[in-house]
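Welcome! Open your viewer, get comfortable, and follow along from stop to stop.

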Amino acid sequence: MVNIIIDGRKIKAKEGSTILENAEELKIEIPTLCHHKELSPFGACRLCAVEVKTNGKWKMTTSCNTAVDQGMEIRTDSDKVRESRRLSAQLLYYKYPTTAVVRDMAWKLGVEVSEDAKAEGHDCILCGLCVRACREIVDTGALTFRDRGLGRDIDEPRIEFDPKLCIGCGSCAYVCPTGYVKMEAVEDKRIIWDKVFKMAACKVCGKYFAPQDQLEYIGKKTGVPLDKLYICVNCR
Amino acid sequence: MDTASFSSWNGKIVDNRKGKVAKSADIKFPAQLGVDNVSAAMGWNGLVVMDPDADIISLTMNYLKEARKLSCGECSVCRIGIDRLLDIFGKMAEGDGNKKDLFEVQQITRGVSVNSKCNFGRSVLFPVLDSIKYYRSDFLALIKGERKLETKEYSYAVTAPCMEACPASLDIPGYIELIRNSRFEESLNLIREKCILPGVVGRVCPHPCEDACVRQDIDGPLSIRLLKRAVADYDLQEGGSPLTGTVEEKEEKVAIIGSGPAGLAAAYNLRLMEYKVTIFETLPRAGGMATVGIPDYRLPKDILNHEIDLIKRMGVEIKLNTKVEKLNLKELQKKGYKAVFLAVGAHIGTTIGAEGEDKGYEGFVDGVEFLRDMNLGKKIQPQKKVVVVGGGNTALDCARSCVRIGFDNVEIIYRRSRAEMPASDEEIEEAEKEGVKFNYLMTPVKILEKDGKVTGVECIKMRLGVHDESGRRRPIPVKGSEFTMDTVMVIPAIGQRPDLPAMIGKDKVEVTDWGTIKADPVSFKTNIEGVFAGGDCVTGPAILIEAMDMGNKVARSIDYYLRGEGLKREISFEGVNTREQREQGFIAEKAAEKVDLLDVDKRSEGFAEVESGYDVSEAMREAQRCLRCYRLMVWEQAG
């Protein structure tokens with residue numbers, strides 16, 4: 001355990017835990033659009049900014065990916081922190097003015113949100129949740145970041161989908177905060193990232209419950225025979 | 001123009017615009033950048049204006065356009081912030097600007113600078129802040145419609161502290177970013193553009209890049225070398241991808257003398273340019289020092305052979321066992337070789353200045369020769385003791401090899417102290433763990449013998465005097481401190497020089513006082529038409545990637561030569577501190593990923609590789625630590 005101070009409150013924090021985790025325990029609300037407690041932190045949205053004192057000076061950092069240190073002093077609600085979060089939200093709103101979660105967040109953080117545009121957009125805000133869920137939870141790596149950079153002629157960074165690796169599990173759609181990743185179900189088919197998956201029917205109740213590719217993937221990973229996997233959770 | 005009209009480099013303001021006493025800027029453009037006719041330049045650390053008539057607004061906009069291409073997009077503030085700035089300036093240029101816009105520009109530049117994820121975002125916008133502050137009247141005139149944007153020619157250059165330190169200027173942040181995003185294949189392709197031996201360099205490079213890494217002073221540098229190795233190892237595991245090759249062939253043939261890193265790199269690049277390439281190698285194996293100078297426990301032969309094989313598969317012919325003495329330049333030219341690249345390396349050990357070293361005593365073996373024999377498969381009988389003389393990596397390679405061959409006692413003697421030892425710290429530490437005994441501040445003065453066999457070495461103690469031209473303290477013998485050490489074997493390993501073949505003397509290739517070949521530092525041309533030289537035979541013993549990079553550059557120079565064109569100058573950031581940025585921001589500490597080393601007990605059993613590499617997830621985690629310190633510079637070319 002290490003001793004830290006958040007907003008003047010002295011607490012004991014677990015070594016290696018993040019500022020965000022400790023703030024949440026203290027019921028201090030920190031805004032974020034790219035964080036999920038089951039996934040590694042990524043620091044994409046910059047909304048969770050806090051100030052940390054180093055060498056006597058307050059410096060900005062993102063709370064989701066900064067681990068606490070013995071004696072660390074943190075401010076989560078200073079003018080600078082609020083201004084920084086407002087600017088991050090303002091920029092997101094500038095880019096995605098019709099996406100509901102972005103509009104709500106912007107409004108909450110003090111950005112003037114116009115009612116002229118409707119909240120009907122489903123933009124990809126590049127939060128990276130789907131990429132992390134795909135790699136860290138599902139372990140397929142079908143989704144990757146395509147960054148801009150030196151010598152790479154890319155106008156807009158984006159998430160790339162590799163249909164060869166996707167098993168159709170839908171984790172990406174589940175974690176997507178904006179509804180950009182769509183998953184459709186039509187009878188015995190599931191469509192995700194434009195790839196069509198054949199659904200497997202439960203051997204007991206006959207209901208379609210999971211893509212065949214996913215069951216095969218689970219079978220291969222766990223060694224559980226396929227006929228056992230072809231029974232839905234309700235009938236097991 | 002020596003004195004800048006205006007400079008904010010490093011946050012230090014020099015403003016000579018209002019007829020004040022001229023003050024010089026912190027940075028000297030264009031001389032420092034190596035380009036002519038720069039009228040104004042904008043870079044990560046400020047704005048430098050030489051010509052008072054330069055168009056700062058256009059420069060700012062062009063700078064942002066280039067910055068946008070480098071902004072990776074992983075964090076929203078940098079990605080959207082730059083877009084927003086471009087939109088605001090675009091609106092101003094179209095006559096839709098507003099005074100308030102300048103305030104927003106300020107807000108965004110500050111916001112991005114304090115809250116971006118990486119050092120690129122944290123540094124890139126400072127000069128924009130300077131231009132709207134110190135050239136505010138220009139922007140106001142644009143808003144009022146009193147000023148139009150001028151069309152000028154702009155150029156740009158990108159570097160990073162690690163890239164500057166790398167002799168081959170590899171795009172290190174670029175290939176690390178691709179690893180982070182699980183793009184190992186693309187990462188390898190990017191590395192191969194400038195480093196054709198990634199698995200080799202990923203194992204043996206003393207990584208000057210890591211010394212320059214900004215994290216060096218925070219929580220230790222990125223393990224850049226191991227990341228390069230991880231990418232090469234991954235490729236090999238997946239079956240080994242071929243090099244992107246060429247089928248077309250030009251008429252011109254190029255001969256390369258020596259198949260070391262310099263020769264191989266030149267051969268690869270010349271093949272990419274579709275020339276026919278033949279390498280002539282004296283030894284029975286290709287690879288030069290990489291194959292005969294480095295023991296297997298640091299670089300397994302199959303790694304090197306695989307990478308040489310890929311180059312051969314591009315159509316490079318390697319003729320082994322070809323004594324260069326038998327070739328002469330005129331003959332090569334007669335055979336149709338339009339250019340010749342001398343890359344014969346430095347394969348002779350330098351003398352240590354001890355009495356008896358030239359007598360050919362049994363048990364007195366030169367370090368490079370020892371390593372060469374061992375690497376070419378000669379059986380070496382273990383003895384009860386060996387004394388290795390020297391403090392560089394060759395000395396360490398000899399000593400650690402002796403441990404593996406089964407010598408009972410392995411000792412190193414070095415004339416300075418540990419702090420001055422040129423060998424890398426990790427080499428010294430591992431040697432100590434393996435039981436190599438280090439004796440500092442002594443030097444051999446006489447080789448002792450009986451019946452022509454070494455029986456010992458007479459040494460003299462040294463003390464350190466003042467600093468010499470190498471920056472290290474000069475060792476001075478302590479009078480009357482002579483003593484003897486018993487040993488049956490002495491391996492001197494204090495330096496190497498080129499073994500210049502007879503052809504060079506006959507053909508009158510100019511040689512320096514140090515016995516290296518004289519070559520132009522930019523074009524690598526020797527005094528003989530069509531003959532180029534590079535690598536250790538020009539520089540003296542240097543690190544592998546330096547030789548390899550010279551190979552890259554020689555290929556480029558030969559291409560220009562064969563096409564009858566003059567070589568273009570390259571942009572250089574020499575003399576510019578690329579580590580400096582105006583605000584560092586907070587960096588959370590996270591130590592580098594650890595790598596497993598072979599158990600010390602197992603090392604004396606043979607030449608198994610000591611260091612294991614990163615696996616995919618370790619490499620991806622380590623790659624996360626990169627601060628992505630890309631430095632951008634955009635300048636207006638004077639008309």
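Two strands are said to pair if DSSP finds at least two bridges between them. Keep that in mind for the strands ahead, and remember throughout that this is a predicted model.

**Stop 1: the domains of chain B.** Colour chain B by its three domains: domain 1 covers 6–161, domain 2 covers 253–347 + 498–562, and domain 3 covers 349–496. Now place a marker at the centre of domain 1 and another at the centre of domain 3 of chain B; taken over C-alpha atoms, these centres are 56 Å apart.

**Stop 2: a strand with two partners.** Select residues 253–257 of chain B, which form strand β6. Is this strand mostly covered or uncovered? Four of its five residues are buried, so to speak of it as mostly covered is fair by the definition of burial, 20 or more other C-beta atoms within 10 Å.

Next, add residues 276–280 of chain B, strand β7. β6(B) and β7(B) run parallel and share five bridges. To see one pairing up close, pick B:Val254, whose bridge partner in β7(B) is B:Val277.

Then show residues 337–342 of chain B, strand β9, which is also parallel to β6(B) and joined to it by five bridges. Here, try B:Lys253: its bridge partner in β9(B) is B:Tyr337.

Before moving on, show helix α13, residues 261–272 of chain B. What do β6(B), α13(B) and β7(B) make together? They form a right-handed β-α-β unit.

**Stop 3: a helix with a buried face.** Jump to residues 616–623 of chain B, helix α24. Highlight its buried residues, B:Ala619, B:Glu622 and B:Ala623. Look down the axis of α24(B): these buried residues fall within an arc of 100 degrees, so they line one face of the helix. Add α8 (172–180) and α12 (224–237) of chain B, which are among what covers them.

**Stop 4: where the chains touch.** Show chains A and B together; each gives 29 residues to the contact. On the side of chain B, the elements that give two or more residues are α1 (56–70), α2 (76–93), α3 (99–115) and α8. The largest share, six residues, comes from α2(B). Colour the chain B side by residue type and you will find ten nonpolar, eleven polar and eight charged residues.

**Stop 5: chain A.** Finally, isolate chain A, with its seven helices and eleven strands. Its C-alpha trace spans about 65 × 50 × 40 Å along the principal axes. Of the 236 residues of chain A, 39% count as buried.

Conventions: Residues are numbered from 1 along each chain as its sequence is written. Chains are lettered from A and ligands numbered from 1 in the order in which they are written. This is a predicted model: local features need pLDDT of at least 70, side-chain atom pairs count only at pLDDT 80 or more; totals for chains, interfaces and linings use all residues. Domain bounds come from an automatic or database domain assignment. A residue is buried if 20 or more other C-beta atoms lie within 10 Å of its own, exposed if 12 or fewer, and partly exposed in between; C-beta atoms are placed from the backbone. A crossover is right-handed if, with the strands pointing away from the viewer, the path from the first strand over the helix to the second runs clockwise. The arc is that of the directions from the helix axis to the C-beta atoms. Two residues are in contact if their C-beta atoms, placed from the backbone, lie within 7 Å. Ala, Val, Leu, Ile, Met, Phe, Trp, Tyr, Cys and Pro count as nonpolar, Asp, Glu, Lys and Arg as charged, and the others, Gly among them, as polar.
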